[in-house]
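Good morning, colleagues. I would ask you to look at the structure on the screen while I take you through two parts of it.

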Amino acid sequence: MRQFLYITPYFPPQTQVGALRPLKFVRQLPALGWQPIVLCDLWPSDAVDPALEAMVPPEVVVVRDYSHRAAKTHGRVHEIAAQGKPPEAAPKFDRFIPAWLRNPELVPLAEHSPDMPWAWFAAKRVLARYPGIEAIVVNADPFAASLVGARLARATGLPLIQDFRDIWAPCKLRRPRRPKPWLWLEDKLERACFDAAAHIVINTEVSLRDYLDFYPDLPRDRFSVIRNHFDADLVGHGQHPGFDRYTLLHMGHFSRFRVADPLVRAVADAIRLGVPRDRLQVVSTGPYGAGSLALAAELGIADLFRQEPPVGYQAIGPLMHAADLNVMIAEPGADQRIASKFYDYLGSGRPMLAISDNPESGEILQQCGAGAQFAVADTAGMGAFIAREFALGRQRKVARPLDGLTSREASVKLSRILDR
């Protein structure tokens, strides 16, 4: 089996979304002829789930040495798990930072930049230990890892694949928040990463278009699109007791960019259209935010919104099946990203409501016949859709083609890039 170095600071047992894409790839690539040698990180402040780490195949080599914290933190995680205690992340000091300073764009490359020297030497040690490594793949962000990969490729001559699961310099959400000197610097750093790469993988077609506009001199064949993807075997573990009424499910957290307000207004519209309020509820596995709950109270429907404890990622399949309508909410105006959970919802077989201004996710949803997408501002349309879905009954199964959306197919694309 051929080997490649996979530089990905985010990797299980971390539970953040950045750890899921590499996990899905490494579960498929050995059967396609490529053994990942993973160099990853783990911080005491990371949320973890040892059960998620157990989903990594045994033939995958995992080296926890991307930073000085990684190995010690990993040992501590398993020490706590052996004692039967739930894993707890260490508190982050950013809770002491005033809200007006909580802009990650104020520092170039953010909190991962200090670890670059350690990661560089750790990668060199991995290459010395595994001399058969033929290529380097970087999972970004954090974008500091892309710089480590670029320097390593120049020093060794190994071909480099930059897998940008998130967009960096042309990001419409983050770019306006960067101070002007940092804009110049980060543009230069990204271009250096791209120039060092034999190939660049982008997450969505819209992001690829924006990158080609941003770097018009780079050839189109230097880029490929590999979207996020769905792994049915990964998420189908455990059981869920079910819900006692028609349930709209939102998985994950809301943020400063993504709020629950459109869904709150849509539910109020659905009730005005005749949906019995005592037969409807909205469940989220993350907090709604005070503003959205205040809006729900103002509209007289606060009692319909409840929060369910989050489940491990490998158990979200039963949770999605227990719901009647799965809901994805994107940031207003955002058209460069499609959330990873979008693909999990597609694989669930339940109807789906996407609240997004991204035409690409709308096209995918339409092609699959899996549900409907509405612009963030179109709460009336959402409300009418919820009312129609409610009238069709509970636990409705929606057959849909998943061609091009599975982890197997995405991994075949990456293996072919590695082969080249």
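I begin with the second largest pocket, which encloses about 220 Å³ of space. Please bear in mind throughout that this is a predicted model. The lining of this pocket consists of 17 residues, and those closest to its centre are Arg227, Asp403, Gly404, Leu405 and Lys413.

What is the character of the residues that line the second largest pocket? Eight are nonpolar, five are polar and four are charged.

Which helix gives the largest share of that lining? Helix 13 does, with three residues. Two helices, helix 13 at 359–368 and helix 15 at 407–419, each contribute at least two residues to the lining.

I now turn to a pair of helices. Helix 4 comprises residues 116–129 and helix 5 comprises residues 144–156; their axes come within 10 Å and cross at roughly 45°. Angles from 65 to 115 degrees count as roughly perpendicular and those under 35 as roughly parallel, so helix 4 and helix 5 are oblique to each other. The crossing of helix 4 past helix 5 is right-handed.

Where do the two helices meet? On the side of helix 4, the residues in contact are Met116, Ala119, Trp120, Ala123, Lys124 and Leu127. Their counterparts in helix 5 are Ala144, Leu147, Val148, Arg151, Leu152, Ala155 and Thr156. By class, the residues of this contact comprise ten nonpolar, one polar and two charged.

That concludes my presentation, and I welcome your comments.

Definitions and conventions. Residues numbered from 1 in each chain as written. Predicted model: local features only at pLDDT ≥ 70, side-chain atom pairs only at ≥ 80, totals over all residues. Heavy atoms only, no water. 1 Å grid on protein atoms, 1.4 Å probe; cavity = no way out; pocket = protein on both sides within 12 Å on 5 of 7 lines; lining within 4 Å. Points joined across faces, edges and corners; volume = space filled by probe spheres on them. Helix = DSSP H or I, 4+ residues; strand = E, 2+ residues; numbered from the N terminus. Nonpolar A, V, L, I, M, F, W, Y, C, P; charged D, E, K, R; others polar. Axes fitted to C-alpha atoms, helices over the stretch in contact; angles between N-to-C directions. Parallel < 35°, antiparallel > 145°, perpendicular 65-115°, else oblique. Left-handed = near helix turned anticlockwise from the far one by under 90°. Contact = heavy atoms within 4.5 Å.
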